[in-house]
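Trainee: I should like to understand how the terms used for this model are justified. May we take them one at a time?

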Amino acid sequence: MSPVRAFAVPFTVAGVYGAAAALTAWALAATLWTGVVEPGVALAFGALVAVGELARWGDRAGEEPARESAPLGSAGALAYALLGQNAGRATHHGVLQSVAVVLAAALVGAVPHVALGRGPSLDQMARRVLTVAFAAACFQPLYNSGTLGLWVGHGPYYALFLLLVLVLTALCDAVLAAALLRARTSFPYGPLLRDELRALLGVGSAVCATGAVIALAVAVAGLWALPLFCVPLLLTQLAFRRYAAVRTTYRQTITSLARATEIAGYTPPGHARRVAVLSRAVGRELGLSESELTVLEYAALMHDIGQLSLVDPVPAGATAPLPGAEQRRIALLGGAVVRQTGVPAEVAVIVERQADPYREQPLPARIVRTVNAYDDLAGAPGGPQSSLSALEQLRLGTGRDYQPEVVESLARVLARGCLTLVAPG
């Protein structure tokens, strides 16, 4: 990693953390100094955020991380930041109290998770503070000064204004999330930001819409609107938690099946895992979406399953030196096995097409083939030199076997030093 890059990583994280910490200290100090305005409203929304944090999903050990693991808490936080009335009476809690109440409630709700070692990360907490502050700063001063009423009134344009603020807030959160992930992983910022923006079309848009609906409902019906809206949302969140657990079990089943070739002695220990992790990194480098990366990961895990049809294992599990006809036979048998596992059909296609010339392959198959060959070639003792030699051999094979763009993407991923997957085991 270059000195400039090594400096940029902590600088980005420290900048976000520093801004969130300074804003938190300011908000807590100002709220304690002036007292809590409208404590009943603050308590009700604080309880909503805390319950949302308690129902956090996707953070259990072994479960795949979720982009928004506490949607009810996030929606409640945004609703409080955008609250202008309670049953027709104006509220005056302002920006700093919005941040203080949301942060205090989030910390209370996170205590049980932290005790179990699966609480929210510092990245998530920093983003929560900054996005709530952004939403409140866009709304509270305009509303409390009466400017917003003069501009849009209290009809449909008022609701549109809330949605506009929420869209801007969601974009702000996506930019922060991508920047922090870029600092952590060294992946290119563009694909990371595209992934975050794509996620906004799913749970992100639901969170924003729910926040706006809660704020509008409380403005008309008062705090009784909170349980009416939030009980169904809480049940939905719990259902999503079960769905996440099922997906985690599904992934673990695929991983266990992929290890069959290692247990039988056909491939080196850790080969499938290394190929899966490195393939996912290359796919992200090339701009694949999150769903495409999941399919790619499954295919990479199971790419050698066809070797179980061999009478004698291939030395070191390396299929690249085999004749083309034998490679295609193994790939087709592997695809037939994969089709029986219930994974998406695209996974089987990727496994089946590994031995084809790269110009006839879909992009995920090109990635798996290239990364598999790299791990086979670089797995021999020799350290960094063997890695460089493996890349050079892949470049020599770009005429027919490996797509040049994929090879160069692999080289960039390895050059950044964010993965240490060369050594077997």
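Mentor: Let us begin with burial: a residue is called buried when its relative accessible area is under 20%, exposed when over 50%, and partly exposed in between. Please keep in mind that this is a predicted model.

Trainee: What makes helix 12 largely enclosed by the rest of the structure?

Mentor: Of the 12 residues in helix 12, 9 are buried, so the helix is largely enclosed. Among them are Leu293, Val295, Glu297 and Tyr298. These buried residues pack against helix 8, helix 9, helix 11, helix 14 and helix 15.

Trainee: How do you know that the span of helix 12 agrees with its 12 residues?

Mentor: The expected span is 1.5 Å times one less than the number of residues. For helix 12, residues 290-301, that gives 16 Å, and the end C-alpha atoms are 17 Å apart, which agrees.

Trainee: Why is the contact of Glu297 with Arg280 called a salt bridge?

Mentor: A salt bridge requires a side-chain nitrogen of Lys or Arg within 4 Å of a carboxyl oxygen of Asp or Glu. The closest N and O atoms of Glu297 and Arg280 are 3.0 Å apart, and the pair therefore qualifies. Glu297 belongs to helix 12 and Arg280 to helix 11, so the bridge ties together parts 17 residues apart in sequence.

Trainee: Are Glu297 and Arg280 buried or exposed?

Mentor: Glu297 has a relative accessible area of 15% and is buried. Arg280, at 18%, also counts as buried. Both residues belong to a network of salt bridges that also links Asp195, Arg198, Arg251, Arg284 and Glu290.

Trainee: Within that network, what makes Asp195 buried and Arg198 partly exposed?

Mentor: Asp195 has a relative accessible area of 2%, which is under 20%, so the residue is buried. Arg198 has 38%, between the two limits, and is therefore partly exposed. Their side chains meet at 3.4 Å, N to O, and both residues lie in helix 8, 3 residues apart, about one turn of the helix.

Trainee: Why may Leu197 be counted in a nonpolar patch on the surface?

Mentor: A patch residue needs over 30% relative accessible area and no salt bridge. Leu197, in helix 8, has 35% relative accessibility and counts as partly exposed, so the area requirement is met. Leu164, Val167, Leu168 and Leu171 complete the patch, with about 390 Å² of accessible area together with Leu197. Helix 7 gives the most to the patch, with 4 residues.

Technical notes. Residues are numbered from 1 along each chain as its sequence is written. This is a predicted model: local features need pLDDT of at least 70, side-chain atom pairs count only at pLDDT 80 or more; totals for chains, interfaces and linings use all residues. Side-chain values use heavy atoms; hydrogens and water are left out. Patches are made of residues with over 30% relative accessible area and no salt bridge: like charges are joined within 9 Å, nonpolar side chains (Val, Leu, Ile, Met, Phe, Trp, Tyr) within 5 Å. Accessible areas come from the Shrake-Rupley method with a 1.4 Å probe; for residues, only the protein chains shown count as cover. Helices (H or I, at least four residues) and strands (E, at least two) are DSSP runs, numbered from the N terminus. Buried means under 20% relative accessible area, exposed over 50%, partly exposed in between (1.4 Å probe, protein chains only). Contact means heavy atoms within 4.5 Å.
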